[in-house]
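User: I would like to go through the reasoning behind a few structural labels. Please set each value against its definition.

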Amino acid sequence: YVDLHGAPGRDYWSGNEVVALTARQVRELDLKGKTVFSLSCFLADTDSPMLDALLDAGVKYVIGGAGTNYAGTNKPAWAGTLGKIFVSLVRIGFDPLRALALGKHLLNLNLAKDKFLRRRESEKADLDTLDFKAYYRKH
């Protein structure tokens, strides 16, 4: 589970304006067969050194989204909520791809309920989160 700041084409993640983890450091980790859920912005953009580094390190599935991802500041929101659901489902034995699909389905149901009850309309952050995908290398 990664909750660090990314930027387009940048080969490191940061936290509080300080480099937290570089692509080179990620490549040196033994992550073979692991699943990484990332809230980091721009992770799945076309030219993403951090996504490439995770896959080079042997990660089986990288879950994340392109562009800006909204995780919430004081409590999980949008992508952070999906991440919380995803981690909970994987911990109880769900396959990562099923956990992602079910998590997105649960969020979508909640958005539909809010819209029906006229609590709020869907926001860009909601739609961005529903566009999270699993990235992997075909062997």
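User: What makes the residues lining the largest cavity nonpolar, polar or charged, and how many fall in each group?
Analyst: This is a predicted model. The lining divides into eight nonpolar, three polar and two charged residues. Ala, Phe and Met count as nonpolar, Arg as charged; Ala7, Arg10, Phe42, Ser48 and Met50 are the lining residues nearest the cavity centre, out of 13. Strand E1 (12-15) and helix H2 (49-56) are the elements that give two or more residues to this lining.

User: Why is this space called a cavity?
Analyst: The term is used because a 1.4 Å probe fits there but cannot get out. The structure holds one cavity of 30 Å³ or more, and about 70 Å³ of space lies in the largest cavity.

User: How do you know that the span of helix H4 agrees with its number of residues?
Analyst: Helix H4 covers residues 96-116, 21 residues, and at 1.5 Å a residue it should span 30 Å. The C-alpha atoms at its ends are 30 Å apart, so the two values agree.

User: What makes the buried residues of H4 line one face?
Analyst: Buried means under 20% relative accessible area, and Pro96, Ala99, Leu100, Gly103, Leu107, Leu111 and Asp114 are buried in H4. Seen down the helix axis, the buried residues fall within an arc of 105°, so they line one face. Arg98 and Phe116, on the other side of H4, are exposed.

User: Which elements do the buried residues of H4 pack against?
Analyst: They pack against strands E3 (35-37), E4 (61-64) and E5 (133-135), and against helices H3 (79-91) and H5 (124-130).

Conventions: Residues are numbered from 1 along each chain as its sequence is written. This is a predicted model: local features need pLDDT of at least 70, side-chain atom pairs count only at pLDDT 80 or more; totals for chains, interfaces and linings use all residues. Side-chain values use heavy atoms; hydrogens and water are left out. On a 1 Å grid over the protein atoms alone, a cavity is a set of points where a 1.4 Å probe fits but cannot get out, and a pocket is an open set with protein on both sides within 12 Å along at least five of seven lines; lining residues have an atom within 4 Å of a point. Grid points are joined across faces, edges and corners, and a volume is the space filled by probe spheres set on the points. Helices (H or I, at least four residues) and strands (E, at least two) are DSSP runs, numbered from the N terminus. The expected span of a helix is 1.5 Å times one less than its number of residues. Buried means under 20% relative accessible area, exposed over 50%, partly exposed in between (1.4 Å probe, protein chains only). The arc is that of the directions from the helix axis to the C-beta atoms. Contact means heavy atoms within 4.5 Å.
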